[in-house]
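Please work through the exercises below with the sequence and the coordinates at hand, and try each task before reading its solution.

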Amino acid sequence: MEHSMNDISIYRYNSCGETLHSAEIMHSKGRYVTSLDRSFFSLFNGVRAIIAFDGIESIDHSEVTDYFIQNYVKENEIFADETAKWLAEAVESKEKEAWLDFYYPSEEENMTQIKRAKAFKAEVQKYLISKGILEDKN
């Protein structure tokens, strides 16, 4: 079954919300490594929702986030500079979580990333509404 780019973008946006919700649940249970992983994927899925129309289909986290930062933050200034910082720090935390034994993010580090993922999800929603991909429910 073929899916339109709108369908793919909406699916990725919904995944952004689902993984954010999972991050919040894991945080509330003190599962900070799992929560950090889920909040990373919330950010990542939000990025992928936006770049769905650009034909970028890499599974490499750094490649996808670097593309987004270059094209949506630096060149076209669609998203704020702080977004680039958030994504870079999230990729760094994800790499630590994936490759370092005994990596334990703090509650504060974890909550910071969840707050950033929430803020980014809101920005992704605004962007997708502005492009006619999502409906404005207000």
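**Exercise 1: Arg31**

Arg31 has a relative accessible area of 48% and is therefore partly exposed; the model in which this holds is a predicted one. Task: establish where Arg31 is placed among the helices, and how its C-alpha atom is separated from that of Pro105.

Solution. Begin with the class of accessibility, for which the range between 20% and 50% counts as partly exposed, so that the 48% of Arg31 falls into this class. Next, locate Arg31 in the loop between helix H1 (5–28) and H2. Finally, take the C-alpha atoms of Arg31 and Pro105, which are separated by 9.6 Å, although the two residues are 74 residues apart along the chain.

**Exercise 2: Asp60**

Task: determine which loop holds Asp60, and which residues gather with Asp60 in a patch of negative charge.

Solution. First, place Asp60 in the loop between helix H2 (32–51) and helix H3 (61–75). Second, classify Asp60 as partly exposed, because its relative accessibility is 40%. Third, look at the surface, where Asp60 gathers with Glu63, Asp66 and Glu95 in the patch of negative charge.

**Exercise 3: the whole chain**

Task: describe the secondary structure of the protein chain and decide why it counts as compact.

Solution. Start by counting five helices and zero strands in the protein chain, whose elements run α-α-α-α-α from the N terminus on. The radius of gyration of the protein chain is 15 Å, close to the 14 Å that the globule rule gives for 138 residues, so the chain is as compact as a globular protein of that length. Then add the extent of the C-alpha trace, which spans about 40 × 30 × 30 Å along its principal axes, and close with burial, since 41% of the 138 residues count as buried.

How values were computed
Residues are numbered from 1 along each chain as its sequence is written. This is a predicted model: local features need pLDDT of at least 70, side-chain atom pairs count only at pLDDT 80 or more; totals for chains, interfaces and linings use all residues. Side-chain values use heavy atoms; hydrogens and water are left out. Patches are made of residues with over 30% relative accessible area and no salt bridge: like charges are joined within 9 Å, nonpolar side chains (Val, Leu, Ile, Met, Phe, Trp, Tyr) within 5 Å. Accessible areas come from the Shrake-Rupley method with a 1.4 Å probe; for residues, only the protein chains shown count as cover. A salt bridge is a side-chain nitrogen of Lys or Arg within 4 Å of a carboxyl oxygen of Asp or Glu. Lys and Arg count as positive and Asp and Glu as negative; His and the chain ends are not counted. The place of a charge is taken as NZ of Lys, CZ of Arg, CG of Asp or CD of Glu. Helices (H or I, at least four residues) and strands (E, at least two) are DSSP runs, numbered from the N terminus. Buried means under 20% relative accessible area, exposed over 50%, partly exposed in between (1.4 Å probe, protein chains only). The radius of gyration is taken over C-alpha atoms; the globule rule is 2.2 Å times the number of residues to the power 0.38.
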